[in-house]
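Student: I should like to go through this structure with you, beginning with its cysteines. May we look at the sequence and the model together?

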Amino acid sequence: MAILASSLVDGYMKSNFMGQSIVLVQLLGSVVMVAVAIGKWKSLASYAGAARRFLRDFATGNTVLEYYMRRRPNVRRGVEGIYKVTCERLLALLTPEVRSHLVGQQDDGAAALTAREIELVRGTCEHMLDEEEILVGKGMGIIATIVALAPMLGLLGTVWGVLDAFAEMGAAGSANLATIAPSISSALVTTVVGLIVAIPGTALFTRLNASIRSISADMEGFADELVGRIACEYQGKGA
């Protein structure tokens, strides 16, 4: 490992301006990637923890609106955010008399929604779901871009360095390997650094993406269950 690091440092010091600039850009990209990944990891852990707590409390209620009436949630993120906005839409569609009964915890069974109103509630729920999935995946594009660009920049630096090496060989009028080997060796540094950035970055992206898919699946399942329960409890009920 020490030998590899020493070779990279030596190669970097012998590189031309373009090669050194590309290496600096790659290293800066790696720092940004790690910072974004750490922030994303914390954000996903927060999402997952909040979802577990909410679903545990929500499961204790007998009706869809019981948790909303008891807690008056103000969170607008994750599954609780989907639930809050959907319940607000549901209450807006109910008659003032029914809303007053619900607020007073006196559900007399008179609540009724038409199929069209149920679809409006479903549309609100699905819209919130889409927004939350976008927020959950926010920042992943930065990681994917750095992972994709790092080796490509490395290849560009290597090709540029090899061109310079052949130009030096032509100017010297000699094809001596000892003359061009140092230049080619330094040209390969950008490719090595690009791979060093991209390989762990790919593993990191894959792991974070798996967590995002899991959270998105939980939100989609909750949204389907929520709309289904609303339809069962309110559609065609009462007069």
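Student: Which cysteine sulfur is closest to the sulfur of C125, and why is there no bond?

Tutor: This is a predicted model, in which local features need pLDDT of at least 70, side-chain atom pairs count only at pLDDT 80 or more, and totals for chains, interfaces and linings use all residues. Residues are numbered from 1 along each chain as its sequence is written, and side-chain values use heavy atoms, with hydrogens and water left out. A disulfide is a pair of cysteine sulfur atoms within 2.5 Å. The sulfur of C125 is too far for a bond, because 9.4 Å separates it from the closest cysteine sulfur, that of C87.

Student: How many disulfides does a search of the whole structure find?

Tutor: The search covers the whole structure, and the number of disulfides found is zero.

Student: Is C232 buried or exposed?

Tutor: Buried means under 20% relative accessible area, exposed over 50%, and partly exposed in between, with a 1.4 Å probe and protein chains only. C125, at a relative accessible area of 0%, is buried. C232 has 71% relative accessibility and therefore counts as exposed.

Student: Which elements make up the chain, and in what pattern?

Tutor: Helices (H or I, at least four residues) and strands (E, at least two) are DSSP runs, numbered from the N terminus. The chain has nine helices and zero strands. Read along the sequence, its pattern is α-α-α-α-α-α-α-α-α.

Student: Which element gives the largest share of the lining of the largest pocket?

Tutor: A pocket is an open set of points on a 1 Å grid over the protein atoms alone, where a 1.4 Å probe fits, with protein on both sides within 12 Å along at least five of seven lines; lining residues have an atom within 4 Å of a point. The largest pocket is lined by 21 residues, with Y47, A48, A50, A51 and R52 nearest its centre. Two or more lining residues come from each of helix 2 (17–58), helix 3 (66–71), helix 4 (78–93) and helix 9 (189–234). The largest share, nine residues, is given by helix 2.

Student: With which residues is V75 in contact, leaving aside its neighbours within four places in sequence?

Tutor: V75 lies in the loop between helix 3 and helix 4, and its relative accessible area of 28% makes it partly exposed. Contact means heavy atoms within 4.5 Å. With those neighbours left aside, the contacts of V75 are E80, G81 and K84.
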